[in-house]
Amino acid sequence: MSEQTAPTAPPAASGARALGLGCLGCAGLVFVAVVALLIRLTWDSPRDLPRAAPEEMADRAVRHSQEAYGVLGFTRTVPPGGGRIGVDARNSLDAGYCYDGGLLGLEDKTIDGAYRMSHDWALDEVPASQAVPGLRRLHRRLEEDGWEVSSYREGGKGGKGGRDTDWSLYVQRDGGTERMSFTWFPDRQYFTGDATAPCAYDSGWTDGSGDTYFPSDAARSVTPPVLRPGRL
């Protein structure tokens, strides 16, 4: 009788060890990915907001408006204040709430003591000969200066009732913490601009005081300077 040799089974321990090492490697990659996600989500945590007086953030927003106003080539001065919205020239400051999206960005709660300052201005009686070349020039300049163009639209015929459609330009930078927008309404010859500064904690607000915080108070404490023509 010939002897039969039983087949040799692969070492089970070795295979299990390799599988275990592979799982550990996958777990390590998952851990790294989770940590990276948490860092990204908490990068703009409310704890990271600067503490700044309303005057400081107002100056920042107004500076952007003044630079844009100069590039647009308008020759009129615009004093603080203004009349009817959508009709008269305006130059004003406003402030809104800042929001905390939470760890996963799914929440929508206000950050107590924080505000976002914005500068709004407008001009009436702006003809196409000023608005069209001005917006095109500003579009190019802001791109050159590193602003990200979120939207740019050149209006024209084709609106409802045969009217000209509006011209608009929206830009942002630093992840959207700073934004500007510009719109020209041909049918009314009305031009609007807006510059928004990043969120900040009001330096005059004390945490734990129990007082309700209203961002509008920050805007009321400052007055914008006169908008003046600038050099192109």
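Here's a quick briefing on the protein chain shown above, going from the overall layout down to single residues. Keep in mind that the model is a predicted one. The chain has four helices and ten strands, and 35% of its 232 residues count as buried. It also holds one disulfide.

**Overall layout**

- Starting at the N terminus, the elements come in the order α-β-α-β-β-β-β-β-α-β-β-β-β-α.
- If you take the contacts between residues at least 6 apart in sequence, 67% of them join residues at least 24 apart.

**Helix 2**

- Helix 2 covers residues 54–72 and has 19 residues.
- From its first C-alpha to its last, helix 2 reaches 27 Å, close to the 27 Å expected at 1.5 Å a residue.
- The buried residues of helix 2 are P54, M57, A58, A61, V62, H64, S65, A68, Y69, G70, V71 and L72.
- Right behind helix 2 comes G73, which has a positive phi near 85 degrees.

**Helix 3**

- Helix 3 takes in residues 128–144, which makes 17 residues.
- Its first and last C-alpha atoms are 24 Å apart, close to the 24 Å expected at 1.5 Å a residue.
- On the buried list for helix 3 you'll find A131, V132, G134, L135, L138, H139 and L142.
- Those buried residues pack against helix 2, and also against strand 7 (148–153), strand 8 (167–173), strand 9 (178–185) and strand 10.
- Just past the end of helix 3 sits G146, with a positive phi of about 95 degrees.

**How helix 2 and helix 3 meet**

- The axes of helix 2 and helix 3 come within 8 Å and cross at roughly 125 degrees.
- That crossing makes helix 2 oblique to helix 3, because the angle falls outside the ranges for roughly parallel (under 35 degrees), roughly perpendicular (65 to 115) and roughly antiparallel (over 145).
- Helix 2 brings A68, V71 and L72 to the contact, while helix 3 brings Q130, G134, L135, R137, L138 and R141.

**A closer look at L142**

- L142 is found in helix 3 and is buried, with a relative accessible area of 6%.
- Leaving out neighbours within four places in sequence, L142 is in contact with W147, L169, V171, M180 and F182.
- Measure out along the sequence and L142 is 74 residues from A68, yet their C-alpha atoms are 8.5 Å apart in space.

**The disulfide**

- C98 and C199 are the two partners, with an S to S distance of 2.1 Å.
- The link is left-handed, at -110 degrees about the S-S bond.
- This pair ties together distant parts of the chain: C98 is in the loop between strand 3 (90–96) and strand 4 (99–100), while C199 is in strand 10, 101 residues apart.
- Both cysteines, C98 and C199, are buried.

**T196, also in strand 10**

- T196 has its place in strand 10, which spans residues 190–202.
- T196 counts as buried because its relative accessible area is 8%, under the 20% cut-off.
- Its side chain makes a polar contact with the side chain of D194, at 3.1 Å.
- Not counting residues up to four places away in sequence, T196 touches R116, M117, S118, T177, E178 and R179.

**G113, a buried loop residue**

- You'll find G113 in the loop between strand 5 (109–110) and strand 6 (114–123).
- G113 is buried, with a relative accessible area of 0%.
- Setting aside neighbours within four places in sequence, its contacts are A200, Y201, D202, W205 and Y213.
- G113 and S203 are 90 residues apart along the chain, and their C-alpha atoms are separated by 8.7 Å.

**Positive phi outside glycine**

- As background, most residues other than glycine have a negative phi.
- E125 is not a glycine, but its phi is positive, at about 55 degrees.
- E125 lies in the loop between strand 6 and helix 3 and is exposed, with a relative accessible area of 62%.
- Q189, another residue other than glycine, has a positive phi near 50 degrees.
- Q189 sits in the loop between strand 9 and strand 10 and is partly exposed, with a relative accessible area of 34%.

Methods
Residues are numbered from 1 along each chain as its sequence is written. This is a predicted model: local features need pLDDT of at least 70, side-chain atom pairs count only at pLDDT 80 or more; totals for chains, interfaces and linings use all residues. Side-chain values use heavy atoms; hydrogens and water are left out. Helices (H or I, at least four residues) and strands (E, at least two) are DSSP runs, numbered from the N terminus. Buried means under 20% relative accessible area, exposed over 50%, partly exposed in between (1.4 Å probe, protein chains only). A polar contact is a pair of N or O atoms within 3.5 Å; within protein, one must be able to donate a hydrogen and the other to accept it, and residues adjacent in sequence count only if both atoms are side-chain atoms. Contact means heavy atoms within 4.5 Å. A disulfide is a pair of cysteine sulfur atoms within 2.5 Å. The expected span of a helix is 1.5 Å times one less than its number of residues. Axes are lines fitted to C-alpha atoms, for helices over the stretch in contact, and angles run from 0 to 180 degrees between N-to-C directions.
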